[in-house]
Amino acid sequence: MNNPVELRNSIGGQWVPGMGGDIVSTSPAQPDVVVARGRQADLAQAEVAIEAAQHAKKAWAATPAHERGAILVRAATIVEASATEWGSELAREEGKTRAEGIGEVKRAAQILRYYGNDADREAGEMYSSPRRGERIIVTRKPIGVVAVVTPFNFPIAIPAWKIAPALMYGNTVVWKPASTVPLLAMRFAEALIQAGLPDGVLNLLIGGSAIGNAMVSHNGIDAITFTGSTGVGRKLAVAAAARGVPIQAEMGGKNAAIVLGDADLDLAAEQVMLGAFRSTGQKCTATSRLIVTSDIADDFVAELAKRASALSVGNPVEDGVEMGPVVDASARDSINAGIEQAIAQGAERICGETYTSGALAAGYYVAPTILALSSGEPDIWREELFGPVLAVRKASTVEEAFELANDSEFGLSAAIFTQDLTRTLEAMDALDVGMLHVNSETAGADPHVPFGGAKKSGYGPKEQGQAAREFFTHTTTVYLRGGEARV
């Protein structure tokens, strides 16, 4: 039986229906199944939400860090206890497998717990002064009201790694999640409010681009953090610059895996396949380019294609399914068009059928696809399709492999598979990326270390770990000196 969840917005501590148009979240595996429905927030409600965040920011900033952290830790417990239920909802709404959905919910709890314990870490710095009787202390303060704009592909983990540090460092938040996956956003906000977050500290607005535009252009917003497409991220950066407010933007990736002849080939095949096809390739860190040295290329690609073709594709909530659908019809059609364009430009399809009948044709499915590039410059080598598509090129030398990996305007993540320490050290210097994996897939990010890209993959300070503090706080340098000593 299909019982859609009622969607609500959280504004100033109140759960309210939207006053805008209808919003319907359907299953990408079964598009006729409605997962959640409601009404979008309108611009008047966005105004009220921003005012509520402004009103709450002074008291929240003055709340002791240990009290703020305790709320995040309590929220982590709520999220963790709900992992199975919410993970299943995530799978139905977004399309990744149930196991991946449950894992993502648990990761959100881990992130909340990590930042919830931040009050036990250092909170500033002290320096020696060249003047007698003086100390120089660098303190940190929240930046104010933060607009948070998050994507569809990690509907609870990415919000967690933005919102948790924003709240922990004393900021208030106005959050617009992707309109295609609103249910998990509502669940996450429910957990934080249930854990004791004061009214107005976190405001959730479910809606489309009009809400996002209103947020980022509003004078009541003091900073913007965004994850999503490169085009939207660049427009937001322009809007932020026009207003003179800081922005943190994580954008595109065209991540390369390099497999050298001395690699553990079984390990490399497994990890490249996971990097390319787990979460249906809908990760900014997914492996979308593969570079293999010529001495092993034919055998390695054949083995990889065999494994990819054997993946179980189907309804992500069913047991045994290893890859689900992409998020919606637009994504499916765009990815399929990109594949056909690549073939027209000279690429060879190694594996990846088109689903033309049955349940997979009815849903938004794209088969795990490998395309071999032997000549020319197909667009697929540089343009992000954001789906389960892997483009492969051979390299005659290690140096050529590194050059091919760097042949992109993006620089988010890369992987190298080798057992040669010297080559690993060379890769650390040669590959211009924000994250480098050695003998593991390009995807994956731990919450206690910096996350973010080089080149045009990122703009502004990195996310996660202690790096998040650089965005969500500003420093005040205090020259501390007493007066004359009294007897």
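User: What makes a stretch of residues count as a helix here, and which helix gives the most to the lining of the largest pocket?

Analyst: A helix is a DSSP run of H or I with at least four residues, numbered from the N terminus. In this predicted model, helix 8 spans 230–243, so that run meets the cut-off of at least four residues. Helix 8 contributes the most to the lining of the largest pocket, giving five residues.

User: Which other elements give two or more residues to that lining?

Analyst: Besides helix 8, they are helix 7 (209–216), strand 11 (223–227) and helix 11 (329–344).

User: What makes Phe 226 a lining residue of the largest pocket?

Analyst: A lining residue has an atom within 4 Å of a point of the pocket. Phe 226 is among the 39 residues that line the largest pocket, so it meets that cut-off. Phe 226 is also listed with Pro 151, Gly 228, Ser 229 and Val 232 as closest to the pocket's centre. The space in this pocket is about 950 Å³.

User: Why is Gly 228 counted as polar?

Analyst: Gly is placed among the polar residues by definition, so Gly 228 falls in that class. The lining of the largest pocket has 17 nonpolar, 17 polar and five charged residues.

User: How do you know that Arg 107 and Lys 283 count as charged in the second largest pocket?

Analyst: Both are among the residues closest to the centre of the second largest pocket, whose lining has 19 residues. Arg and Lys count as charged, so both belong to that class. The lining of this pocket has eight nonpolar, four polar and seven charged residues. Helix 4 supplies the largest share, four residues.

Conventions:
Residues numbered from 1 in each chain as written. Predicted model: local features only at pLDDT ≥ 70, side-chain atom pairs only at ≥ 80, totals over all residues. Heavy atoms only, no water. 1 Å grid on protein atoms, 1.4 Å probe; cavity = no way out; pocket = protein on both sides within 12 Å on 5 of 7 lines; lining within 4 Å. Points joined across faces, edges and corners; volume = space filled by probe spheres on them.
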